[in-house]
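Hi,

Here is the structure I promised to pass on. Have a look at it first, and then read my notes below.

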Amino acid sequence: MTSKDTQATTPTVLLRSDGEVDEDTLAYARTKIDAVAGRPGLPTVTGEVRITRAAAHRADRPWSATAALHVGGREVVVLAEEATGRELVDQLQDRLRRQTDKAAHTGRHGHHTPAPPWRGGSQFQRPAEGSGKAADAHPV
């Protein structure tokens with residue numbers, strides 16, 4: 001089994017490979033990962049993506065990927081398995097985009113679900129700060 005470490009063009013996300021991963025697949029992965037991690041509006045993205053191709057020829061999905069990234073102060077972990085390297089990278093990109101968007105936008109602008117009363121949340125609805133809307137003083 002061979003192992004390669006390749007620095008992506010985004011200097012904070014390391015791309016690694018294990019097994020018989022060809023250079024074309026790695027180049028395609030670099031492009032797709034950089035497209036996700038380098039999007040405007042995202043906080044700093046750091047971490048590692050590992051692409052593995054299993055040696056067993058009878059495996060249904062010999063390609064797998066694991067990404068462990070930090071998006072700002074949040075951790076994002078993405079797993080993917082596919083039959084071909086290109087399908088794997090496409091699936092990985094879709095999942096990374098979804099998870100990094102979620103991590104980047106969680107907790108912004110006061111948009112979060114309040115805790116239910118049994119977890120210490122309030123029994124009454126309160127208006128969001130600066131929303132200008134008044135809430136009823138009746139229990140929810």
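**What I found**

Let me start with a small turn: in the hairpin of β4 and β5, which has 2 residues between the strands, Gly72 takes a positive phi near 65°. Before you read too much into any angle or distance here, keep in mind that this is a predicted model.

**The overall layout**

The protein has 140 residues, and 31% of them count as buried. You will find 2 helices and 5 strands in it. If you walk along the sequence, they come in the order β-β-α-β-β-β-α.

**Back to the strands around that hairpin**

Strand β4 covers residues 63-71 and strand β5 covers residues 74-82; the two pair in the antiparallel sense, over 9 bridges. If you want landmarks for this pairing, take His70, whose bridge partner in β5 is Glu75, and Ser64, whose partner in β5 is Glu81.

β4 also pairs with β3: these two run antiparallel and are joined by 9 bridges. Here a good landmark is Arg50, which stands opposite Thr66 in β4.

So which residues of β4 are on its covered face, and which on the uncovered one? Trp63, Ala65, Ala67, Leu69 and Val71 make up the covered face. Ser64, Thr66, Ala68 and His70 make up the uncovered one. In a regular strand the side chains alternate between the two faces of the sheet, and you can follow that by eye when you step along β4. The landmarks I gave you above, Ser64, Thr66 and His70, belong to the uncovered face.

**Salt bridges**

How many salt bridges does a search of the whole structure find? It finds 4.

One of them joins the side chains of Glu48 and Arg16, at 3.2 Å from N to O. Glu48 lies in strand β3 (residues 45-53) and Arg16 in strand β2, so this pair ties together parts that are 32 residues apart in sequence. Both ends are partly exposed: Glu48 has a relative accessible area of 26%, and Arg16 has one of 23%.

Glu48 has another partner as well. Arg50 forms a salt bridge with Glu48, with the closest N and O atoms 3.5 Å apart. Arg50 counts as partly exposed too, at 24% relative accessibility. Add Asp18 and you have the whole group: Arg16, Asp18, Glu48 and Arg50 are linked in a network of salt bridges.

Away from that network, the side chains of Asp101 and Arg39 meet in a salt bridge at 2.3 Å, N to O. Asp101 lies in helix α2 and Arg39 in the loop between α1 and β3, so the pair ties together parts that are 62 residues apart in sequence. Are the two ends buried or exposed? Asp101 is partly exposed, with a relative accessible area of 29%. Arg39 counts as buried because its relative accessibility is 15%, and the cut-off for buried is under 20%.

**Helix α2 and the positive patch**

Helix α2 spans residues 85-105, and Lys102 lies in it. Lys102 is exposed, with a relative accessible area of 53%. On the surface, Lys102 gathers with Arg61, Arg95 and Arg98 in a patch of positive charge.

Leu88 is found in helix α2 as well, but here the picture is the opposite: Leu88 counts as buried, at 0% relative accessibility. Leu88 also gives you a link to Arg61 of the patch: the two are 27 residues apart along the chain, and their C-alpha atoms are separated by 9.3 Å.

**One more contact to look up**

Where does Val21 lie? Val21 is in the loop between β2 (13-19) and α1 (23-37). At 3% relative accessibility, Val21 counts as buried. Have a look at Arg53 while you are there: Val21 and Arg53 are 32 residues apart in sequence, yet 6.1 Å apart in space, C-alpha to C-alpha.

If you only have a few minutes, I would begin with the network of Arg16, Asp18, Glu48 and Arg50, and then go to the two faces of β4.

Cheers

How values were computed:
Residues are numbered from 1 along each chain as its sequence is written. This is a predicted model: local features need pLDDT of at least 70, side-chain atom pairs count only at pLDDT 80 or more; totals for chains, interfaces and linings use all residues. Side-chain values use heavy atoms; hydrogens and water are left out. Two strands pair if DSSP finds at least two bridges between them. Helices (H or I, at least four residues) and strands (E, at least two) are DSSP runs, numbered from the N terminus. Patches are made of residues with over 30% relative accessible area and no salt bridge: like charges are joined within 9 Å, nonpolar side chains (Val, Leu, Ile, Met, Phe, Trp, Tyr) within 5 Å. Accessible areas come from the Shrake-Rupley method with a 1.4 Å probe; for residues, only the protein chains shown count as cover. Lys and Arg count as positive and Asp and Glu as negative; His and the chain ends are not counted. The place of a charge is taken as NZ of Lys, CZ of Arg, CG of Asp or CD of Glu. Buried means under 20% relative accessible area, exposed over 50%, partly exposed in between (1.4 Å probe, protein chains only).
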